[in-house]
Amino acid sequence: MSVREPPGDDNRRAHRRFGLSMQVRQIGHRQVDRASDVSLGGMFLRTSEPRPRGGCVPLRLVHPMTGEVIPAVCQVVHQVYSESGEFLGLGLRFANADDLLGTRVRELIQDVTGDDPGPLSQEATFEIDAAEL
């Protein structure tokens, strides 16, 4: 797998992104979405359902090799549209990226890519109160 940084990104991201793809299930929704550009800090979620910036998205990540389900709560950082205005998906960051979630996402990245994603940056994570869900 390759690490993908878009042109002009200036490496401002706290975590390396990996071009792996996996199934994601949004809690309370039937459809199965796809995640890509996964990092310790978040991911891109290809979905047909726009969510407001700053909104919470509870998910279940599905490990592409083992089928293990990893629960996570994310915050919408941005909505992504094509040049023609078609909605493509959401840029998400992980909330409450404690040791358990960080370890599970790290292991997922290592299993699929064979690469070490590096350290978890605490500045890139944030806390969400369960009442916000």
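In the predicted model, strand 2 (residues 32–36) and strand 3 (residues 42–46) pair in the antiparallel sense, joined by three bridges. Within this pairing, serine 36 stands opposite phenylalanine 44 of strand 3. Both strands belong to a closed barrel of six strands, whose order is 1-2-3-6-5-4 and whose pairing is antiparallel. From one strand to the next, the twist averages 45 degrees.

Helix 1, formed by residues 99–113, lies across four elements: strand 1, strand 4 (56–62), strand 5 (69–81) and strand 6 (87–95). Relative to strand 5, helix 1 runs at about 80 degrees.

Aromatic contacts were examined next. A pair of aromatic rings is described by the distance of the centres and the angle of the planes. The count comes to one aromatic pair. This pair consists of tyrosine 81 and phenylalanine 87, with 5.3 Å from centre to centre and 65 degrees between the planes. The arrangement is edge-to-face, because planes over 60 degrees apart are placed in that class. The two partners were also assessed for accessibility. Tyrosine 81 has a relative accessible area of 42% and is therefore partly exposed, whereas phenylalanine 87, at 15% relative accessibility, counts as buried, the limit for burial being under 20%.

Outside the strands, arginine 16 lies in the segment before strand 1 (22–26). Its relative accessibility is 34%, so arginine 16 counts as partly exposed. The C-alpha atom of arginine 16 is separated by 6.3 Å from that of proline 117, although these residues are 101 residues apart along the chain.

Technical notes
Residues are numbered from 1 along each chain as its sequence is written. This is a predicted model: local features need pLDDT of at least 70, side-chain atom pairs count only at pLDDT 80 or more; totals for chains, interfaces and linings use all residues. Side-chain values use heavy atoms; hydrogens and water are left out. Helices (H or I, at least four residues) and strands (E, at least two) are DSSP runs, numbered from the N terminus. Buried means under 20% relative accessible area, exposed over 50%, partly exposed in between (1.4 Å probe, protein chains only). Rings of Phe, Tyr and Trp (its six-membered ring) pair if their centres lie within 6.5 Å; planes under 30 degrees apart count as stacked, over 60 as edge-to-face and the rest as tilted. Two strands pair if DSSP finds at least two bridges between them. Axes are lines fitted to C-alpha atoms, for helices over the stretch in contact, and angles run from 0 to 180 degrees between N-to-C directions. Contact means heavy atoms within 4.5 Å.
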